[in-house]
Amino acid sequence: IRDEILERPIERIRETCELTGATDKFERSLAELQVFLEKEIAAGYTGETRLTYDGLCFLREAFSRH
């Protein structure tokens, strides 16, 4: 079930990264993103929009660290 919840937000985040030229950064950060989103789901957040937004915010921070 977690994979089903994660699938669409990750796809939307991937598409956003492709549009902004950050595909390589996305691929390098994917494992971290998945762990982050799994923690969000464990905390009770399962909405696609919320997970997508939170995931994009997480990646913005991750990209600035790399």
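Which residues is Glu38 in contact with, leaving aside its neighbours within four places in sequence? The legends below take up that question and a few others, using a predicted model of the chain.

**View 1. Glu38 and its partners across the helix pair.**
Glu38 is found in helix 2. Once its neighbours within four places in sequence are left aside, Glu38 is in contact with Arg2 and Leu6, which answers our opening question. Both of these partners are listed among the helix 1 residues that meet helix 2. Glu38 is partly exposed, because its relative accessible area is 31%, above the 20% under which a residue counts as buried and short of the 50% over which one counts as exposed. As a distance to check on screen, try Glu38 and Ile5: their C-alpha atoms are 9.4 Å apart in space, while the two residues are 33 apart in sequence.

**View 2. Leu6, on the other side of that contact.**
Here we move to helix 1, where Leu6 lies. Is Leu6 buried or exposed? Leu6 counts as buried, since its relative accessibility is 4% and the cut-off for burial is under 20%. Not counting residues up to four places away in sequence, Leu6 touches Leu37, Glu38 and Ile41. Those three names also appear in the list of helix 2 residues that meet helix 1. Phe26 is another member of that helix 2 list, yet from C-alpha to C-alpha Leu6 and Phe26 are 15 Å apart, with their positions 20 residues apart in sequence.

**View 3. Helix 1 against helix 2.**
Two packed helices are described by the angle between their axes and the distance between the axes. For helix 1 (residues 2-19) and helix 2 (residues 23-42), the angle is about 145° and the axes are 10 Å apart. The crossing of helix 1 with helix 2 is right-handed. From helix 1, the contact draws on Arg2, Ile5, Leu6, Ile10, Ile13, Arg14, Cys17 and Glu18. From helix 2 come Thr23, Phe26, Glu27, Leu30, Leu33, Gln34, Leu37, Glu38, Ile41 and Ala42. What kinds of residues make up this contact? There are 11 nonpolar, two polar and five charged residues in it.

**View 4. Glu11, also in helix 1.**
Glu11 is found in helix 1, and its relative accessibility of 31% makes it partly exposed. For a longer step along the chain, pick Thr52 as well: Glu11 and Thr52 are 41 residues apart in sequence, and their C-alpha atoms are 8.9 Å apart in space.

**View 5. Ser29 and its contacts.**
Ser29 lies in helix 2. How much relative accessible area does Ser29 have? The value is 0%, so Ser29 is buried. Leaving aside neighbours within four places in sequence, its contacts are Leu59, Ala62, Phe63 and His66. Among these, Leu59, Ala62 and Phe63 have numbers that fall in the range of helix 3 (residues 48-65).

**View 6. Asp54 and Thr49, two residues of helix 3.**
Asp54 has its place in helix 3 (residues 48-65), and Thr49 lies in helix 3 too. Asp54 counts as buried because its relative accessibility is 13%, whereas Thr49, at 56%, counts as exposed. With neighbours within four places in sequence set aside, Asp54 is in contact with Phe36 and Glu40. For Thr49, a handy distance is the one to Asp24: the two residues are 25 apart along the chain, and 23 Å separates their C-alpha atoms.

**View 7. Stepping back to the whole chain.**
The chain has three helices and zero strands, in the order α-α-α along the sequence. Its radius of gyration is 11 Å, close to the 11 Å that the globule rule gives for 66 residues, so the chain is as compact as a globular protein of that length. Along the principal axes, the C-alpha atoms fill a box of roughly 30 × 20 × 15 Å. Of the 66 residues, 32% are buried. The chain exposes about 4400 Å², and carbon and sulfur atoms supply 49% of that area. Among contacts between residues at least 6 apart in sequence, 63% join residues at least 24 apart.

Conventions. Residues numbered from 1 in each chain as written. Predicted model: local features only at pLDDT ≥ 70, side-chain atom pairs only at ≥ 80, totals over all residues. Heavy atoms only, no water. Helix = DSSP H or I, 4+ residues; strand = E, 2+ residues; numbered from the N terminus. Buried < 20%, exposed > 50% of the residue type's maximum accessible area, 1.4 Å probe, protein only. Axes fitted to C-alpha atoms, helices over the stretch in contact; angles between N-to-C directions. Left-handed = near helix turned anticlockwise from the far one by under 90°. Contact = heavy atoms within 4.5 Å. Nonpolar A, V, L, I, M, F, W, Y, C, P; charged D, E, K, R; others polar. Rg over C-alpha atoms; globule rule 2.2 N^0.38 Å. Areas by Shrake-Rupley, 256 points an atom, 1.4 Å probe, with all protein chains shown as cover.
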